[in-house]
Amino acid sequence: MSAHHDTDGHPGHERAGEAERAMARLLELDAEVLAPHLEALTGLIAQAMGPGAARILDLGSGPGAGSLALARRFPAAQVTAVDISPRLLHRLRWQAAAHGVADRVGTVEADLDGPWTGFTEKGTFDLIWAAAFMHHVSDPARAFARAFEHLRPGGLVAVSEMDFFPCFLPEDTGAGRPGLEARLHHATNTQPPHEWTGALERAGFVVEEHRPFEIRLNTAQAGPALNAYAQVCLAKLRSHATDVLEADDLAALDALLDEAQPQSIARRDDLSVRTTRTAWLARRP
């Protein structure tokens, strides 16, 4: 995994900045809306860790939803967040300060496909977290082997994956034919689900948990960010749907994404969140 950084003022730099801002917004909305899931997952990790963790490594931290959740769950821990994007790490530091944990959350800019330097020199970690990240590295087997090397004996690695984008809409949206979102997902969800059990075991870990989470949240449970989260996710899927959906479905989806339309996602009060996440907890013997 690598990124090209152009100099200030170049179109490539501007496009990269826009993409990273959009990614940060998506990840932060995801963490806000799915806070009950993140709470349950970090609780599961804390139960498996026992007395606690002093040193935590967050691989591919992005803007830091996982880093902050782990800092809250383990109030005595030092968290090291590693990401290739200086913009996302800047956002993470701002968030850490806003949440009062800046003294316990440090950041390192690094390409995790390269040497793991700048964050491993102070010794091994008690917990390594990788949320929606391992499928981005060029060689997951090597990344898991490095995680094993930099985890203390008895330490834990926690891997989480989003199986696909959530569903939000009712069957009949009032725009186009019923079942629009199901057809959108069927057309755009073309990759097999991520499966890390074998890779973890080959790296030397003992897998203790391989758990799917079925997440179902109504409007009240999801909170006030639900409409914005649905808008961002469905707009992302729309960008991949031009050549795979029928013209009438594309028109209906565009109407739903148009905030000026009465049936728009931004205005609806009948949204919910239905999604699945999968987590692996594995221990270094």
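Select F168 first in this predicted model. Leaving aside neighbours within four places in sequence, F168 is in contact with E181, L226, Y229, A230, C233, L234, D270, L271, S272, V273 and R274. Display these residues together with F168 to see what surrounds this side chain.

Next, widen the selection to the largest nonpolar core, which has 60 residues. F168 is one of the members that touch the most other members, and I45, F74 and L127 share that description. A second core of 28 residues is separate from this one; I128, F133, V137 and A147 are among its members.

**Strand β7 and its partners**

V273 and R274, both contacts of F168, lead to the next stop. Select residues 273–283, which form strand β7. Is this strand mostly covered or mostly open? Of its 11 residues, 9 are buried, so the strand is mostly covered, where buried means under 20% relative accessible area.

Now add residues 151–162, strand β5. Strands β5 and β7 run antiparallel and are joined by 7 bridges. To view one such pairing, pick S160, whose bridge partner in β7 is A279.

Then add residues 206–217, strand β6. Here too the pairing with β7 is antiparallel, and it extends over 11 bridges. Pick E214 to find T276 of β7 standing opposite.

**The enclosed cavity**

Rolling a probe the size of a water molecule over the atoms shows where empty space is left. How many cavities of 30 Å³ or more does the structure hold? There is 1, and the largest cavity has a volume of about 30 Å³. Select L59, I128, M134, A143, F144, A147 and V157 to display its lining. Two of these names, I128 and A147, were met above in the second core. Helix α5, residues 140–149, gives the most to this lining, with 3 residues. Which classes of residue form the lining? The 7 lining residues are nonpolar, with no polar and no charged residues.

**The second largest pocket**

For the last stop, select A31, E32, A65, L68 and R72. Among the 19 residues that line the second largest pocket, these lie nearest its centre. The pocket holds about 360 Å³ of space. Colour helices α1 (11–33), α2 (35–49), α3 (65–73) and α4 (86–98), each of which supplies at least two residues of the lining. By class, the lining of this pocket divides into 8 nonpolar, 4 polar and 7 charged residues, whereas the lining of the largest cavity has no charged residues.

Conventions
Residues are numbered from 1 along each chain as its sequence is written. This is a predicted model: local features need pLDDT of at least 70, side-chain atom pairs count only at pLDDT 80 or more; totals for chains, interfaces and linings use all residues. Side-chain values use heavy atoms; hydrogens and water are left out. Buried means under 20% relative accessible area, exposed over 50%, partly exposed in between (1.4 Å probe, protein chains only). Helices (H or I, at least four residues) and strands (E, at least two) are DSSP runs, numbered from the N terminus. Two strands pair if DSSP finds at least two bridges between them. On a 1 Å grid over the protein atoms alone, a cavity is a set of points where a 1.4 Å probe fits but cannot get out, and a pocket is an open set with protein on both sides within 12 Å along at least five of seven lines; lining residues have an atom within 4 Å of a point. Grid points are joined across faces, edges and corners, and a volume is the space filled by probe spheres set on the points. Ala, Val, Leu, Ile, Met, Phe, Trp, Tyr, Cys and Pro count as nonpolar, Asp, Glu, Lys and Arg as charged, and the others, Gly among them, as polar. A nonpolar core is a set of buried Ala, Val, Leu, Ile, Met, Phe, Trp, Tyr and Cys residues joined through side-chain atoms within 4.5 Å. Contact means heavy atoms within 4.5 Å.
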